[in-house]
Amino acid sequence: MGWLQRLFGMEKPQNAQVNPTPQAAAATESVPPERLGLNGEYDQSGLAKRVALAFDEDQSLTDVDTLYVAQTGSTVVLKGKVPSQDILQKMVSVARNVQGATDVTTDQVSIG
């Protein structure tokens with residue numbers, strides 16, 4: 001099971017992108033980057049979903065079923081437990097490269 005499936009109960013939509021272009025209707029309404037969904041539509045949890053998609057697309061990251069991805073505005077919030085500091089650092093790096101992410105917090109993550 002992948003990140004999107006476990007966290008949001010959804011399969012990867014066709015044409016889903018980590019950093020999509022806003023849809024025409026969304027572009028006229030000026031959707032904030034952290035609210036862009038997987039296909040460029042408005043989505044309240046768009047940033048968290050796109051981070052989950054980025055984790056799914058990174059072959060070096062497998063689904064860590066004890067870690068969760070959320071968002072507070074443009075901040076990606078990781079919480080739960082990861083097996084190692086190296087994995088956490090890789091996840092933070094991947095999350096920071098998602099359009100709309102201004103920060104990544106890990107203060108709710110334990111290692112071990």
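1. In this predicted model, residues 43–112 are 34% helix and 33% strand, and the end C-alpha atoms of the span lie 33 Å apart. According to the UniProt record, an unreviewed entry, residues 43–112 carry the annotation "domain: BON". That annotation may be inferred rather than shown by experiment.

2. Helix H3 comprises residues 46–57, twelve residues in number. At 1.5 Å a residue, H3 should span 16 Å, and the separation of its end C-alpha atoms, 16 Å, agrees with that expectation.

3. H3 is largely enclosed by the rest of the structure, because ten of its twelve residues are buried. The buried residues are Gly46, Leu47, Ala48, Lys49, Arg50, Val51, Ala52, Leu53, Ala54 and Phe55. Lys49 and Arg50 thus appear in the buried set of H3 together with Leu47, Val51, Leu53 and Phe55.

4. What do the buried residues of H3 pack against? Their partners are two helices, H1 (3–8) and H4 (85–96), and two strands, S1 (67–72) and S2 (75–82).

5. Two side-chain arrangements involving rings deserve a remark. Arg6 places its charged end over the ring of Tyr68, at 5.1 Å from the ring centre. As for ring–ring pairing, the structure holds one aromatic pair.

6. Asn15 should be inspected for its backbone: its phi is near 65 degrees, a positive value in a residue other than glycine. Asn15 belongs to the loop that lies between H1 and helix H2 (24–29). Its relative accessibility is 60%, so Asn15 counts as exposed, the cut-off being over 50%.

Note on methods: Residues are numbered from 1 along each chain as its sequence is written. This is a predicted model: local features need pLDDT of at least 70, side-chain atom pairs count only at pLDDT 80 or more; totals for chains, interfaces and linings use all residues. Side-chain values use heavy atoms; hydrogens and water are left out. Rings of Phe, Tyr and Trp (its six-membered ring) pair if their centres lie within 6.5 Å; planes under 30 degrees apart count as stacked, over 60 as edge-to-face and the rest as tilted. A charge sits over a ring if NZ of Lys or CZ of Arg is within 6 Å of the ring centre and within 35 degrees of the ring normal. Helices (H or I, at least four residues) and strands (E, at least two) are DSSP runs, numbered from the N terminus. The expected span of a helix is 1.5 Å times one less than its number of residues. Buried means under 20% relative accessible area, exposed over 50%, partly exposed in between (1.4 Å probe, protein chains only). Contact means heavy atoms within 4.5 Å.
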